[in-house]
Amino acid sequence: MWHDRNAHFDRRESLPAPKPGSSVWPRQHCPEFTPRKEHLPTEGSQCWFCRYADFHLKSPVALEVGICCWPDIQIG
């Protein structure tokens with residue numbers, strides 16, 4: 001079975017509200033976006049840079065799809 005990873009990875013989507021416990025793609029965003037300390041301002045308000053999203057960024061391999069953990073901060 002062939003899977004086109006870029007079909008989802010490049011998806012930009014504005015979510016109406018946080019999705020606690022649900023999957024979030026890196027380029028999605030919601031009104032509760034709060035940047036991490038390491039946030040790059042040129043990248044905008046995307047889940048990949050949100051303090052509430054868990055992409056296992058401190059693990060050897062990050063997740064392609066994260067988990068929304070709002071309102072619990074994951075990485076400062």
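# A tour of the predicted model

Begin by selecting Pro20, which is partly exposed, with a relative accessible area of 45%. This is a predicted model, and every value below is computed from it. Pro20 sits in the loop between strand E1 (13-14) and strand E2 (23-24). Now add Cys68 to the selection: the two residues are 48 positions apart in sequence, yet their C-alpha atoms lie 4.8 Å apart in space. Setting aside neighbours within four places in sequence, Pro20 is in contact with Cys68 and Trp70.

## The whole chain

Zoom out and colour by secondary structure. The protein chain has 1 helix and 5 strands, and from the N terminus on the order is α-β-β-β-β-β. Of the 76 residues in the protein chain, 28% are buried. The exposed surface of the protein chain comes to about 5100 Å², with 54% of it supplied by carbon and sulfur atoms. Among contacts with a separation of 6 or more, 27% are between residues 24 or more positions apart.

## After strand E5

Return to Trp70 and step on to Pro71, in the segment after strand E5 (66-68). Look at the backbone here: the peptide bond from Trp70 to Pro71 is cis, with omega near 10 degrees.

## The nonpolar core

Next select Leu15, Val24, Cys30, Phe33, Cys47, Phe49, Cys50, Tyr52, Ala53, Phe55 and Cys68. These 11 residues form the largest nonpolar core. Cys68, the partner of Pro20 at the 4.8 Å C-alpha distance, is one of its members.

Stay with the core and centre the view on Phe55. Is Phe55 buried or exposed? Its relative accessible area is 0%, so Phe55 is buried. Show everything around it. Leaving aside neighbours within four places in sequence, Phe55 is in contact with Val24, Trp25, Pro26, Arg36, Cys47, Trp48, Ala62, Leu63, Glu64, Val65 and Gly66. Val24 and Cys47 from that set of contacts also belong to the largest nonpolar core.

## The aromatic pair

Keep Phe55 and add Trp48. The count of aromatic pairs comes to 1. Its ring centres, those of Trp48 and Phe55, are 4.9 Å apart and the planes make an angle of 55 degrees, so the pair is tilted. Whereas Phe55 is buried, Trp48 counts as partly exposed, at 27% relative accessibility.

One step along the chain from Phe55, select His56, which belongs to the loop between E4 and E5. His56 is not a glycine, but its phi is positive, at about 55 degrees. At 35% relative accessibility, His56 counts as partly exposed.

## The cavity

If your viewer can draw internal cavities, turn that on. The count is 1 cavity of 30 Å³ or more, and the largest cavity holds about 100 Å³ of space. Which residues lie nearest its centre? They are Cys30, Cys47, Cys50, Tyr52 and Cys68, out of 15 residues that line the largest cavity. Those five names also appear in the list for the largest nonpolar core, so keep that selection visible while viewing the cavity.

## The loop between E3 and E4

The remaining stops share one loop. Select Gln46, in the loop between strand E3 (28-29) and strand E4 (53-54). Is Gln46 buried or exposed? Gln46 is buried, because its relative accessible area is 11% and the cut-off for buried is under 20%. Not counting residues up to four places away in sequence, Gln46 touches Arg12, Pro26, Arg27, Gln28, His29 and Phe33. One of these contacts, Pro26, is also in contact with Phe55.

Move to Arg51, which lies in the loop between E3 and E4 as well. Arg51 counts as partly exposed, at 22% relative accessibility. Draw a distance from Arg51 to Glu32: the pair is 19 residues apart in sequence and 9.8 Å apart in space, C-alpha to C-alpha.

Finish at Lys37, whose place is also in the loop between E3 and E4. With 71% relative accessibility, Lys37 counts as exposed. From Lys37, draw a distance to Ile75. The residues are 38 positions apart along the chain, and their C-alpha atoms are separated by 8.4 Å.

Notes: Residues are numbered from 1 along each chain as its sequence is written. This is a predicted model: local features need pLDDT of at least 70, side-chain atom pairs count only at pLDDT 80 or more; totals for chains, interfaces and linings use all residues. Side-chain values use heavy atoms; hydrogens and water are left out. Helices (H or I, at least four residues) and strands (E, at least two) are DSSP runs, numbered from the N terminus. Buried means under 20% relative accessible area, exposed over 50%, partly exposed in between (1.4 Å probe, protein chains only). Contact means heavy atoms within 4.5 Å. A nonpolar core is a set of buried Ala, Val, Leu, Ile, Met, Phe, Trp, Tyr and Cys residues joined through side-chain atoms within 4.5 Å. Rings of Phe, Tyr and Trp (its six-membered ring) pair if their centres lie within 6.5 Å; planes under 30 degrees apart count as stacked, over 60 as edge-to-face and the rest as tilted. Accessible areas come from the Shrake-Rupley method with a 1.4 Å probe; for residues, only the protein chains shown count as cover. On a 1 Å grid over the protein atoms alone, a cavity is a set of points where a 1.4 Å probe fits but cannot get out, and a pocket is an open set with protein on both sides within 12 Å along at least five of seven lines; lining residues have an atom within 4 Å of a point. Grid points are joined across faces, edges and corners, and a volume is the space filled by probe spheres set on the points.
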